[in-house]
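Got the viewer open? Let's take a short walk, one selection at a time.

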Amino acid sequence: MADFNNTNLADFSGVWVFCEQRQGKLQPTVLELISEARKLADDMGTEVCGLLLGGKGVADSMAKELGAYGADKVLVCESDLLDTYTTDAYAKVICDTVMAKKPEILLIAATNIGRDLGPRCAARLHTGLTADCTHLDVDVEKYAAFLKEASTLPQAQLDALNREDRNLKMTRPAFGGHLMATIICPRFRPQMATVRPGVLKKGEYNEAKANAVVVEPVAFELSDADIKTKVLEVVKEAKELVDLTGAEVVVSVGRGISKDVDTGIKLAEELAG
């Protein structure tokens, strides 16, 4: 949109979460992000919107779940062209929707898809993106409390924090994890972050909120001409996969058990148990 002005901060409101789904199933990190978005939105006095893209009927089995964990509204973009993820299609629809509705914050999980999609959208929207975040804050007092526990800053510096700062404070590891950097985007909107899976806590399921969530279909334009690549086939290499996202402990085995594989695996399973 030629008239999109991302420097007029007062025009933007709301916390959005890109709700990544694959073959009709939400990715686990999405519910963590929705729960975190609820906390941020409560601090800001605004609403949480889940942005859900996919084929026809994509929201039928997911909207209530998103509402149960904190979404006030689910914005649904349905098209056969969105049934399988492509960067071109998803980036266009997301950016067009953001330009039209102007959220203040847009959160994306740092999955394979999120790491591909986040930078493309940020570049098109001419805003900043903080990648691989492990902590988010808007409220300054909560941020100060986090710094007191997680940093070595002296109390004088914590006391000197600007209490009027309502920017999203996006904290991520830097220099190979040896330092934690907090980044803000004070001049442009939306404030965008990809969030590392498993670092945020999923809230409690709330049946009342699940029943109260509003599902809003979004009008958008998308054609074959907008998509430069075509997915011909999706092939799963592994028949069974175990999702390790968010696992506190992983027990693995390797060549050391090759002489007696069954016994080695049994020992590993006992240890894991």
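Start with helix α1, residues 28–44: it lies across β1, β4 (48–54), β6 and β11 (191–195), and runs at about 175° to β1. Helices (H or I, at least four residues) and strands (E, at least two) are DSSP runs, numbered from the N terminus. Lying across rests on contact, meaning heavy atoms within 4.5 Å. For the angles, axes are lines fitted to C-alpha atoms, for helices over the stretch in contact, and the values run from 0 to 180 degrees between N-to-C directions.

A word on what you're looking at: this is a predicted model, where local features need pLDDT of at least 70 and side-chain atom pairs count only at pLDDT 80 or more, while totals for chains, interfaces and linings use all residues. Residues are numbered from 1 along each chain as its sequence is written, and side-chain values use heavy atoms, with hydrogens and water left out.

Next, select helix α4, residues 112–125. This one lies across β1, β6, β7 and β11, at about 170° to β11.

Now show the strands. An open sheet of 7 strands appears, in the order β7-β11-β6-β1-β4-β5-β12, with parallel pairing. Its edge strands are β7 (129–133) and β12 (214–217), each pairing on one side only. Two strands pair if DSSP finds at least two bridges between them. On average, neighbouring strands here are turned by 25° against each other, direction ignored.

Zoom in on β11. How many of its residues are buried? The count is 5 of 5, where buried means under 20% relative accessible area, exposed over 50%, and partly exposed in between (1.4 Å probe, protein chains only). Gln 191, Ala 193 and Val 195 are on one side, Met 192 and Thr 194 on the other. In a regular strand the side chains alternate between the two faces of the sheet.

Step to the partners of β11. β6 pairs with β11 in the parallel sense over 5 bridges, and Leu 107 stands opposite Ala 193. On β7, joined to β11 by 3 bridges, Leu 129 stands opposite Met 192. From β6 you can also hop to β1, where Val 17 stands opposite Leu 107.

Now pick Asp 165, in the loop between α6 (155–159) and β9 (169–174). Is Asp 165 buried or exposed? Asp 165 counts as buried because its relative accessible area is 16%. Leaving aside neighbours within four places in sequence, Asp 165 is in contact with Val 138 and Val 140.

Last stop: Val 242, in the loop between β12 and α8 (261–272). Val 242 is exposed, at 71% relative accessible area.
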